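Hi,

Here is the structure I promised to pass on. Have a look at it first, and then read my notes below.

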Amino acid sequence: MADSPLFRRHPLTSSVDLVRWLPSSTASPSGRLLAAAVHDPSLGSAASSIHLFPLSDTTSPLASLPLPSRATALRSSPAALAAATSSGSLHLLPSSFECDAAVAVPGGAGFHVGPVRGLDCGGEEWVTAGEDGRVHVVGGGGDGRVVARRVWDGKGMSGYEAARWASPAEFATGGAGCGVQWWDRRKGDGVVAQCSGIWGRGIVTGMVHSIDINPSRKHICVVGGSSGTIFAWDLRWPQQPIPLSGVGLNGTTEPVCESEVWEVLFDPYTQSSDIITSASSKILPVMMCSEDGILAVVEQDERPLELLAEACAINSFDIDPQNPSDVVCALEWESIGVLSRGRDTMAEDDNC
């Protein structure tokens, strides 16, 4: 898609794997801030890092946090920015952005062996889920240390690709061979509900890549996976996943893409075509990005709304929680794209 007043491309010198808006409480005088996980193999030991920069000038990072290997997950909270890596480590940078104050949980036998794909913040704790089949809850140890407590060890029988908190006690995970799992820490360290996904119907062979949970309806997950598959899972009807998009659905829904769906998020900006009440069973609109360069909004029983169609993969995206009309996405070809919906231009103070 060519640049326009509604879409601006910010070239970088490295591949962009992940990108996130930072909370408004950490905004600098130069405007809104972004965090991006970048990778440049030509830099040797400094190949991977997290850059923090204002949207007004993506060429001048305010801070850079080096990583021991390529970032595989990136999340922010009011207190910290967290990055997980392909070597199994977790890195926490406080909201002051003082890199010397960053703390890390190293990868290895005591934590994760291999890539950590699932990462999310739930209040004061983080959940991590890895390809090694391990799930940890990470929090403060009371003495300034960061402590990781193992919740589950699948011993390599199944690997995790996604994790999402629903409440301080509940979270969901998903990956290969395990569908979507629901955990409730009030009931011990174990899965309390599981959904095999629409691939359980023999439609496609699938892997879960991303999960989101609606904050106003914590019993509903939306899931993005392989072969363009997006479905919702309602814990009230755990054996009846709701297909939103996918290849080979026999005309029951229109696929928005045919490749891997890397990320899904409920979209607070798009208004549903129906009046939604708290008692309604209709799934709220969902935004997704894909390996084949699609950024789109998917709504139950509606045609997908395509927002971007790039010639490269869109590796991740994030919706600005303070300005839901604005979306930032990581374009595989060394750039960040910012889409502003519903306005002629981005805010003047961002100087895009």
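Let's start with Trp-152, which is partly exposed in this predicted model, because its relative accessible area is 39%. Its partner Trp-183 has a relative accessibility of 2%, so Trp-183 counts as buried. The two rings form an edge-to-face aromatic pair, with 6.2 Å from centre to centre and 65° between the planes. Which strands does this pair tie together? Trp-152 belongs to strand β13 (residues 146-153) and Trp-183 to strand β16 (residues 180-184), so the contact joins parts that are 31 residues apart in sequence.

Trp-183 has another ring partner, Phe-171. Here the centres are 5.6 Å apart and the planes are at 15°, so this pair is stacked. Phe-171 sits in strand β15 (residues 170-176) and Trp-183 in strand β16, so parts 12 residues apart in sequence are tied together. Phe-171 has 0% relative accessibility, so it counts as buried. In total there are 3 aromatic pairs, and ring pairs link Trp-152, Trp-165, Phe-171 and Trp-183 into a cluster.

Now for the charged side chains. How many salt bridges are there? The count comes to 19. One of them is between Asp-153 and Arg-134, at 3.6 Å from N to O. Asp-153 lies in strand β13 and Arg-134 in strand β12 (residues 134-140), so this bridge ties together parts that are 19 residues apart in sequence. Asp-153 is partly exposed because its relative accessible area is 22%, while Arg-134, at 13%, is buried. Asp-153 also forms a salt bridge with Arg-150, where the closest N and O atoms are 3.6 Å apart. Arg-150 has a relative accessible area of 31%, so it is partly exposed. Put Asp-132 into the picture as well, and you have a network of salt bridges made of Asp-132, Arg-134, Arg-150 and Asp-153.

Another salt bridge to look up is the one between Asp-212 and Arg-164, whose closest N and O atoms are 3.0 Å apart. This pair links distant parts of the chain: Asp-212 is in strand β18 (residues 208-214), Arg-164 is in strand β14 (residues 159-167), and they are 48 residues apart. Are these two partners buried or exposed? Asp-212 has 6% relative accessibility, so it counts as buried, and Arg-164 counts as buried too, at 12%.

You may wonder about the cysteines. A disulfide is a covalent bond between the sulfur atoms of two cysteines. How many disulfides does a search of the whole structure find? The result is 0. Two cysteines you can check for exposure are Cys-99, which is partly exposed at 26% relative accessibility, and Cys-121, which counts as buried at 19%. The cut-off for buried is under 20%, so Cys-121 falls on the buried side of it.

Next, some backbone angles. Most residues other than glycine have a negative phi. Ser-227 is not a glycine, yet its phi is positive, at about 60°. Look for Ser-227 in the loop between β19 (217-225) and β20 (230-234); at 24% relative accessibility, it counts as partly exposed. Glu-334 also has a positive phi, near 55°. Glu-334 is in the loop between β27 (326-331) and β28 (335-340), and it is partly exposed, with a relative accessible area of 36%.

Two more residues are good for practice with contacts. Asp-267 is in the loop between β22 (261-266) and β23 (286-290), and it counts as buried, at 5% relative accessibility. Leaving out residues up to four places away in sequence, Asp-267 touches Pro-285, Val-286, Met-287, Val-297, Ile-319 and Arg-341. His-51 is found in strand β4 (residues 48-54). The side chain of His-51 makes a polar contact of 2.8 Å with the side chain of Ser-64. Among the other residues in contact with His-51, beyond its neighbours within four places in sequence, are Leu-34, Val-38 and Pro-61.

Finally, zoom out to the whole protein. What does its secondary structure come to? There are 0 helices and 28 strands. Of the 352 residues, 56% count as buried. Among contacts between residues at least 6 apart in sequence, 47% join residues at least 24 apart. The accessible surface comes to about 14,500 Å², and 52% of that belongs to carbon and sulfur atoms.

Cheers

Note on methods: Residues are numbered from 1 along each chain as its sequence is written. This is a predicted model: local features need pLDDT of at least 70, side-chain atom pairs count only at pLDDT 80 or more; totals for chains, interfaces and linings use all residues. Side-chain values use heavy atoms; hydrogens and water are left out. A disulfide is a pair of cysteine sulfur atoms within 2.5 Å. Buried means under 20% relative accessible area, exposed over 50%, partly exposed in between (1.4 Å probe, protein chains only). Rings of Phe, Tyr and Trp (its six-membered ring) pair if their centres lie within 6.5 Å; planes under 30 degrees apart count as stacked, over 60 as edge-to-face and the rest as tilted. Helices (H or I, at least four residues) and strands (E, at least two) are DSSP runs, numbered from the N terminus. Contact means heavy atoms within 4.5 Å. Accessible areas come from the Shrake-Rupley method with a 1.4 Å probe; for residues, only the protein chains shown count as cover. A polar contact is a pair of N or O atoms within 3.5 Å; within protein, one must be able to donate a hydrogen and the other to accept it, and residues adjacent in sequence count only if both atoms are side-chain atoms. A salt bridge is a side-chain nitrogen of Lys or Arg within 4 Å of a carboxyl oxygen of Asp or Glu.
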